[in-house]
Amino acid sequence: MSAVLRRPVVRDIVVVLVVVFGVGSIAMLLAHVSPLDGFGALFDGAFGTRSELAETLVQTTCLLFPALGIAIAFRAGLFNIGAEGQLILGGFAAGWLGAQFPLPGYLAIPMVLLAGALAGGVWGAIPGFLRARFGANEVIATLMLNVVAALLATYLVNGPLQQGGAGASETGTLPKAAQLPDLIADSRLTWAFVLALVIAFVLRWVLQRTVFGYELRAAGDAPEAARRAGIDLSRTAFVAMALSGALAGLGGATIVAGVLHRFNTGLSPGYGFIAIAVALVGNLDPLWIIVASFAFGVLQSGGVAMQAEAGVPRDVVSLVTGLVIIALAGRRVVAKLRST
Amino acid sequence: MTGVRRRFGAVQAVDGVDLELFPGEIHALVGENGAGKSTLAAIAYGAVKPDDGAVTSDGVVGLVHQHFKLIERLRVWENVLLNREPRRGWAIDVAAARARVDKLAAAYGLAVDPDAVVETLPVGIKQRVELLRELDREPTVLLLDEPTAALAPSEIASFFTTISALAARGTAILVVTHKLAEVIAYSRRVTVMRAGRVVARHFTSETSADAIAREMVGGEVPALAARAATVTVPLLEVRGVSARSATSVLTDASFAVRAGEIVGIAGIEGNGQTALADALAGVVPFTGELRFAGEVLRADDSPASRLQRGIRVIPQDRRHEALVLSWNVIDNVVLGRQRALARANYADAAREVIELFDVRPPDPQAIAGALSGGNQQKIVVGRTLTAQPKLVVAYQPTRGIDIGAAALVQSRLIEARNAGAGVLLISFELDEIFACADRVLVIANGTFAGEFDRANIDRGRIGALMAGHA
């Protein structure tokens with residue numbers, strides 16, 4: 001039994017359950033709510049009806065893209081804390097281009113999604129380049145670029161690239177042709193969900209079955225051995241970070257094209273950060289990350305119902321998510337900073 | 001020590017050992033890697049608790065580790081008196097501390113400058129500091145774990161002079177080692193361990209190095225592969241090459257390796273070998289001229305380009321520089337050939353290595369980190385030699401592996417030479433070099449100090465050159 005408990009995956013899951021239900025219960029008790037009622041409302045809000053389940057899958061999708069990106073970087077031995085910024089810029093590029101250049105349907109959606117992936121990719125490639133060229137620590141670089149991304153998007157959307165009203169902090173609305181088709185009618189769930197699932201499977205195949213994936217994992221698991229085996233660590237770091245950013249940026253584009261139909265500076269309630277916990281709970285394995293995204297999607301969408309019906313502040317969800325990040329990511333960050 | 005047992009996980013590291021040390025004797029404890037001798041020393045010292053059995057001693061037990069446990073940035077006296085500093089009120093009495101170290105050094109003939117910063121000292125002196133630290137505690141029993149691993153032949157002699165003097169004063173000394181020549185030359189008694197048990201005890205005067213080796217292995221020591229006559233042609237030319245890798249510096253080195261020969265680089269650790277191996281691997285830049293098979297190697301070549309040319313390096317540190325410990329044997333075997341091999345052939349490549357190199361267990365799915373050091377090394381050497389390299393640079397290829405595995409690795413290197421590969425063997429073990437090399441180059445202070453043909457090997461001269469005496 002103790003041997004099973006010591007396995008990293010199992011240990012992480014135990015940590016998460018203890019944090020979610022333990023700390024969650026304490027927080028609810030402090031708010032004078034029975035944990036039974038609180039969690040009841042949360043799960044009811046996440047699965048109770050068809051449309052609630054759809055909303056849970058929307059949240060799942062929003063987390064899955066950046067979590068896959070973070071996992072790719074992690075597998076290459078890099079800690080991308082910048083998914084939030086990459087997601088925001090991806091969303092902005094998608095929203096602005098989509099509203100600015102109306103294209104016919106079969107071109108509009110690919111353009112919007114590609115623009116998002118490209119913008120996020122560039123934003124991920126910057127710390128990737130700094131790391132590859134100068135050995136700059138990507139933890140610090142990506143963390144700081146989050147702030148730059150948020151402020152840059154706010155400046156662009158209200159300034160030189162303004163489309164909506166002055167001070168509206170959003171782009172114009174995407175034409176119908178650029179909006180992602182619904183997966184479930186009368187919900188916000190679109191084909192983005194399916195796209196995310198497909199990408200997760202493809203990513204797993206790439207990591208496990210291609211030379212590129214092999215070299216990326218080698219660079220992450222044993223950099224010195226990888227270097228001596230002819231693997232270009234600089235190039236791997238650059239490509240992994242660009243790919244990581246592209247996935248987060250694509251996630252931002254699907255929020256714009258599928259959920260909001262415009263870019264808004266408040267489009268992410270911190271998906272890029274929550275996704276760090278998702279990636280780690282999913283043990284950096286794309287298929288497990290699907291499961292982890294769903295679990296955190298439940299917390300996200302159920303949290304609203306919990307507040308409305310049980311009177312538990314939604315912040316309990318943020319609190320719990322934050323603690324999971326500290327518990328699972330903390331030791332990796334510390335190890336990473338020590339090694340550089 | 002009586003009936004001492006200790007298990008680590010599934011391994012019974014020490015299995016019912018009795019050992020007695022008498023005042024005034026130098027007692028050698030020998031055995032292969034994994035025989036349990038280091039564990040036994042740790043139990044005697046009190047760092048590891050035995051599962052069963054009793055340890056009794058009169059007085060203080062001291063232990064000098066194989067890998068020095070000194071604080072590099074502190075001074076000698078600070079290291080020697082760590083935690084036992086003479087005090088004056090709240091402050092350390094520095095003058096008294098210096099005097100104490102000076103007195104101690106004089107008493108044992110271990111000259112050191114108490115104010116030198118440890119990181120600036122050569123290994124031999126560091127070892128003195130380590131020894132002084134233990135001697136300050138006035139131990140009645142002193143345990144020495146592989147004490148001569150980093151010493152030059154001349155330093156080894158003076159080290160044992162010191163140790164013998166210590167024994168003459170009544171200290172009981174246990175030397176854990178695998179160097180049988182030293183056992184024969186300096187010990188009074190010898191205990192041989194194999195697989196956690198004591199398999200033989202002798203008065204050293206009544207046995208021989210060959211007999212002890214057979215007892216360590218549990219049978220005949222395997223013979224090396226025969227050397228075939230080869231036609232040698234120029235392969236690698238090194239002219240005035242200088243390079244730097246971490247703390248290792250190579251200065252103006254010139255030599256050649258021909259296809260079909262093994263060139264042995266004899267030297268003490270830390271004399272430029274790492275810089276040489278790394279420059280050939282393409283992981284550090286160099287100045288000077290490197291020519292391989294007639295073509296010039298550029299200073300900024302990538303490691304990949306060296307692999308493509310057929311230059312393959314067996315790195316010194318298999319755990320960090322060669323293997324991905326969390327991966328299985330298959331993925332480790334293809335590392336370095338991941339692009340050259342088709343994915344469908346990965347498993348076959350692993351099977352080939354497992355078979356030719358007798359990897360145990362013979363399971364391609366086994367996780368590399370779970371294998372013994374010897375089997376890990378077989379994977380590294382196996383993947384290197386089965387890639388049909390033109391030049392093999394083998395840096396300490398048998399470090400820390402048992403005699404059987406070492407003989408197998410050395411035989412395969414000789415076979416690669418027989419088949420026409422050039423082999424550069426960098427080793428800190430002279431016996432290994434003498435057993436394998438067609439030519440011996442001596443490296444000291446980052447430069448080459450002498451060259452010997454196999455027919456004219458002069459052990460004493462090589463030892464003197466290694467120590468930096470011209």
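Visitor: Which residues are buried in α1(B)?

Guide: In this predicted model, the buried residues of α1(B) are Lys37(B), Ser38(B), Thr39(B), Leu40(B), Ala41(B), Ala42(B), Ile43(B) and Ala44(B). A residue counts as buried if 20 or more other C-beta atoms lie within 10 Å of its own. The helix spans residues 37–45 of chain B and is mostly covered, with 8 of its 9 residues buried.

Visitor: What follows α1(B) in the chain?

Guide: Gly46(B) follows α1(B), and its phi is positive, near 100°.

Visitor: Where are positive phi values found in residues other than glycine?

Guide: Two cases in chain A may be read side by side. His261(A) has a positive phi near 60° and is not a glycine. Leu284(A), also not a glycine, has a positive phi of about 60°.

Visitor: In which loop is His261(A) found, and in which is Leu284(A) found?

Guide: His261(A) is in the loop between α11 (233–260) and α12 (271–281) of chain A. Leu284(A) is in the loop between α12 and α13 (286–310) of that chain.

Visitor: Is His261(A) buried or exposed, and is Leu284(A) buried or exposed?

Guide: The count of C-beta neighbours decides the matter. His261(A) is buried, because 22 other C-beta atoms lie within 10 Å. Leu284(A) counts as buried because it has 20 C-beta neighbours inside 10 Å.

Visitor: Which two residues of chain B does a cis peptide bond join?

Guide: For this feature one reads the omega angle. The cis peptide bond joins Arg360(B) and Pro361(B), with omega about -5°. Pro361(B) is found in the loop between α12 (346–356) and α13 (373–386) of chain B.

Visitor: I should like to follow a single residue through the fold. Where is Val19(A) placed, and which residues does Val19(A) touch?

Guide: Val19(A) is in helix α2 of chain A, which covers residues 8–30. Setting aside residues up to four places away in sequence, Val19(A) touches Val320(A), Leu323(A), Val324(A) and Ala327(A). One of these partners shows how separation in sequence and separation in space are read together: Val19(A) and Leu323(A) are 304 residues apart in sequence, while their C-alpha atoms are 7.0 Å apart. Val19(A) is buried, because 21 other C-beta atoms lie within 10 Å.

Visitor: How is Ser248(B) to be read in this way, and in which strand is its place?

Guide: Ser248(B) is in strand β13 of chain B, residues 248–259. With 20 other C-beta atoms within 10 Å, Ser248(B) is therefore buried. Neighbours within four places in sequence aside, Ser248(B) is in contact with Gly270(B), Gly272(B), Gln273(B), Thr274(B) and Ala275(B). Ser248(B) and Arg188(B) are 60 residues apart in sequence, and 38 Å separate their C-alpha atoms in space.

Visitor: Into which domains is chain B divided?

Guide: Chain B is divided into domain 1 (2–217) and domain 2 (233–466). Their centres, taken over C-alpha atoms, are separated by 32 Å.

Visitor: How many residues of each domain of chain B are in contact with the other?

Guide: In chain B, 10 residues of domain 1 are in contact with 12 residues of domain 2. On the side of domain 1 of chain B that touches domain 2, α5 (153–168) and α7 (209–217) each supply at least two residues. By class, that side of domain 1 of chain B has 6 nonpolar, 3 polar and 1 charged residues.

Visitor: How is chain B described as a whole, and how many helices and strands are in it?

Guide: Chain B has 16 helices and 21 strands. Its C-alpha atoms fill a box of roughly 65 × 45 × 45 Å along the principal axes. Buried residues make up 46% of its 470 residues. Among contacts in chain B with a separation of 6 or more, 69% are between residues 24 or more positions apart.

Visitor: What radius of gyration does chain B have, and what would a compact globule have?

Guide: Chain B has a radius of gyration of 24 Å, which agrees with the value near 23 Å for a compact globule, because that is what 470 residues would give.

Visitor: Finally, how many residues does each chain give to the contact between chain A and chain B?

Guide: The contact takes 13 residues from chain A and 19 residues from chain B. On the side of chain A that touches chain B, the elements giving two or more residues are α9 (211–221) and α10 (223–228). The largest share of that side, 5 residues, comes from α9(A). The residues of the side of chain A that touches chain B divide into 6 nonpolar, 1 polar and 6 charged.

Note on methods
Residues are numbered from 1 along each chain as its sequence is written. Chains are lettered from A and ligands numbered from 1 in the order in which they are written. This is a predicted model: local features need pLDDT of at least 70, side-chain atom pairs count only at pLDDT 80 or more; totals for chains, interfaces and linings use all residues. Helices (H or I, at least four residues) and strands (E, at least two) are DSSP runs, numbered from the N terminus. The radius of gyration is taken over C-alpha atoms; the globule rule is 2.2 Å times the number of residues to the power 0.38. A residue is buried if 20 or more other C-beta atoms lie within 10 Å of its own, exposed if 12 or fewer, and partly exposed in between; C-beta atoms are placed from the backbone. Two residues are in contact if their C-beta atoms, placed from the backbone, lie within 7 Å. Ala, Val, Leu, Ile, Met, Phe, Trp, Tyr, Cys and Pro count as nonpolar, Asp, Glu, Lys and Arg as charged, and the others, Gly among them, as polar. Domain bounds come from an automatic or database domain assignment.
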